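Here are a few exercises to help you find your way around a new structure. Grab the viewer, try each task, and then check the worked solution.

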Amino acid sequence: MTKVQIFTDGAARGNPDGPGGYGTILQFTDSQGVLHEKEMSGGFVRTTNNRMELLAAITGLEALNRPCQVDLYSDSKYLTDAFNQHWIDNWVKNNWKRGKSGPVKNIDLWERLLRAKAPHQVNFIWVKGHAGHPENERCDRLATAAADGDNRMIDEGLEG
């Protein structure tokens with residue numbers, strides 16, 4: 001099974017409804033030992049930061065064309081805790097309710113993320129801010145560029 005690292009970040013300007021963007025970087029080594037990278041970014045979207053973080057993770061997982069062993073790095077504690085602390089399991093079990101505090105937000109994206117995650121073995125890793133991984137900082141720059149952009153999609157494969 002191919003091992004892949006995915007680094008993600010979302011940027012929402014003027015939370016909660018500011019223009020936002022998201023950045024994702026995929027890294028994997030092929031059978032010849034060559035490192036491959038792919039950078040992807042989503043253009044201007046009016047949404048919240050949590051939705052941006054989810055979109056960034058979804059974008060990375062949906063880009064994989066076969067089942068992989070994935071380390072997904074995110075600076076969103078909300079996203080990583082949802083899986084590592086089994087919040088999402090409880091949300092699904094309780095029909096997308098968070099107990100007495102009301103319904104879970106962003107159900108559409110959580111469901112899409114679960115579908116994108118399903119064929120893979122995914123380890124969600126929290127990165128504290130942008131000091132933890134330079135790749136996460138690159139994702140932030142991609143996300144910011146997308147947020148500042150004009151309804152465009154960027155899909156740049158990096159050539160060695």
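**Getting your bearings**

Going along the sequence, the protein chain of this predicted model runs β-β-β-α-β-α-α-α-β-α-β.

**Exercise 1.** Work out how many helices and strands the protein chain has, and what share of its residues is buried.

*Solution.*
- Step 1: Go through the pattern and tally it up: there are 5 helices and 6 strands.
- Step 2: Turn to burial: of the 160 residues in the protein chain, 44% are buried.
- Step 3: Now look at contacts with a separation of 6 or more: 69% of them link residues 24 or more positions apart.

**Exercise 2.** Describe how helix α2 and helix α4 meet.

*Solution.*
- Step 1: Locate the helices: α2 covers residues 77-84 and α4 covers residues 107-117.
- Step 2: Check their axes, which come within 13 Å and cross at roughly 60°.
- Step 3: Put a word to that angle. It falls outside the 65 to 115 degrees that count as roughly perpendicular, and it isn't under 35 degrees either, so α2 is oblique to α4.
- Step 4: Add the handedness: the crossing is right-handed.
- Step 5: Pick out who touches whom. On α2 you'll find Y78, L79, A82 and F83, and on α4 the partners are W110, L113, L114 and K117.
- Step 6: Sort these contact residues by type, and you get 7 nonpolar, no polar and 1 charged.

**Exercise 3.** Is L79 buried or exposed, and what does L79 touch?

*Solution.*
- Step 1: Find L79 in helix α2.
- Step 2: Compare its relative accessible area, 0%, with the cut-off for buried, under 20%. L79 is therefore buried.
- Step 3: List its contacts, skipping neighbours within four places in sequence: E53, L54, A57, L72, S74, W110, L113 and F124.
- Step 4: Take one of these partners, W110: L79 and W110 sit 31 residues apart in sequence, yet 9.5 Å apart in space, C-alpha to C-alpha.

**Exercise 4.** Which residues touch the most other members of the largest nonpolar core?

*Solution.*
- Step 1: This core has 30 residues, and the ones to mark are L61, V70, L72, L79, W110 and L113.
- Step 2: See where the core comes from. Elements that each supply at least two residues include β1, β2, α1 and β4, and α1 gives the largest share, 7 residues.
- Step 3: Zoom in on L72. Beyond four places in sequence, its contacts include I6, A57, L61, L79 and F124.
- Step 4: Look for a second core: another one, of 6 residues, lies apart, with F7, Y73, C139 and L142 among them.

Key: Residues are numbered from 1 along each chain as its sequence is written. This is a predicted model: local features need pLDDT of at least 70, side-chain atom pairs count only at pLDDT 80 or more; totals for chains, interfaces and linings use all residues. Side-chain values use heavy atoms; hydrogens and water are left out. Axes are lines fitted to C-alpha atoms, for helices over the stretch in contact, and angles run from 0 to 180 degrees between N-to-C directions. Helices (H or I, at least four residues) and strands (E, at least two) are DSSP runs, numbered from the N terminus. Angles under 35 degrees count as roughly parallel, over 145 as roughly antiparallel, 65 to 115 as roughly perpendicular and the rest as oblique. A crossing is left-handed if the near helix is turned anticlockwise from the far one by less than a right angle, and right-handed if clockwise. Contact means heavy atoms within 4.5 Å. Ala, Val, Leu, Ile, Met, Phe, Trp, Tyr, Cys and Pro count as nonpolar, Asp, Glu, Lys and Arg as charged, and the others, Gly among them, as polar. A nonpolar core is a set of buried Ala, Val, Leu, Ile, Met, Phe, Trp, Tyr and Cys residues joined through side-chain atoms within 4.5 Å. Buried means under 20% relative accessible area, exposed over 50%, partly exposed in between (1.4 Å probe, protein chains only).
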